[in-house]
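Colleague: Please take a close look at one part of this model for me, the largest nonpolar core. Which residues there touch the most other members?

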Amino acid sequence: FDVLVNNAGTNDRQDWDENWIMPNDTKKIIIDTNFYSTVSFTEKMLPYLSSDGKIIMISSNLAKLEFQGEPVRKFLQNSEMTLEDLLKEMKDFEEKAYKNEHIKAGYSKQIYHVTKAFLNAYTRWILPKKLKEGQTAFNVHPGWIKTRLGGYDAAPQPIEESVISTLRVFNLDHEESLKWNGKFIDEKGEPFEY
């Protein structure tokens, strides 16, 4: 295949209390969907990616490093991390989240933010080392869109606008793709800071 668009993402705004605590089964669904399943599926699909194929991870600007505490930011900025390192750290987060201790440990209070930040780290640091020459991977923020996840009333952008960033990456020529490999792309289709 030429392009894989990983659009897996879930959150449950209705399941938080005033202290940002939610049931563990809800946390598990968010962690499994946004991180573990997406990474696992991508790993399984890598052998079938064409020689100039692209992997586009639908992420969020809520995954930006500024939403994490200093120790987590430092970990996620480590360009030498391995998949094993990332999975181990995610397991640590998961265990702390189930005990409602993740905020004290420096993780964002919102489970969604953490899962997408870890997915970004996977695409930024780990995937480029696994891809063959000519293959590329990107994190894409589609914007705050009127969907069940974004909220039909709260989100400002119609669903038609959500494809701008993805189409921009989809249509990059090969040279631009290589230049942007591992980048975080905003809702207008331009690279922005992790």
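Modeller: Here is the core, set within the chain around it.

This is a predicted model, so local features need pLDDT of at least 70 and side-chain atom pairs count only at pLDDT 80 or more, while totals for chains, interfaces and linings use all residues. Residues are numbered from 1 along each chain as its sequence is written, and side-chain values use heavy atoms, with hydrogens and water left out.

Start with the chain. Its secondary structure comes to six helices and five strands. Helices (H or I, at least four residues) and strands (E, at least two) are DSSP runs, numbered from the N terminus. From that end, the order is β-α-β-α-α-α-β-α-α-β-β. The chain has 194 residues, and 46% of them count as buried. Buried means under 20% relative accessible area, exposed over 50%, and partly exposed in between (1.4 Å probe, protein chains only).

Now the core itself. In soluble globular proteins, nonpolar side chains tend to be buried together. A nonpolar core is a set of buried Ala, Val, Leu, Ile, Met, Phe, Trp, Tyr and Cys residues joined through side-chain atoms within 4.5 Å. The largest one here holds 36 residues. Ile55, Leu76, Leu86, Phe93, Phe118, Tyr122 and Leu127 touch the most other members. Five elements are worth finding on screen: helix H1 (24-45), strand E2 (54-58), helix H2 (70-76), H3 and H4 each give two or more residues to this core. H4 supplies the largest share, ten residues.

Zoom in on Leu127. Leaving aside residues up to four places away in sequence, Leu127 touches Thr42, Leu46, Ile55, Met57, Tyr122 and Ala137. Contact means heavy atoms within 4.5 Å. Across the chain, take the contacts between residues at least 6 apart in sequence: 69% of them join residues at least 24 apart.

There is also a second, separate core. This one has eight residues, including Ile58, Val140, Val169 and Trp180.

Finally, step off the core to the loop between helix H3 (83-98) and helix H4 (111-130), where Asn100 is found. Is Asn100 buried or exposed? Asn100 counts as partly exposed, because its relative accessibility is 36%. Its phi is near 60°, a positive value in a residue other than glycine.
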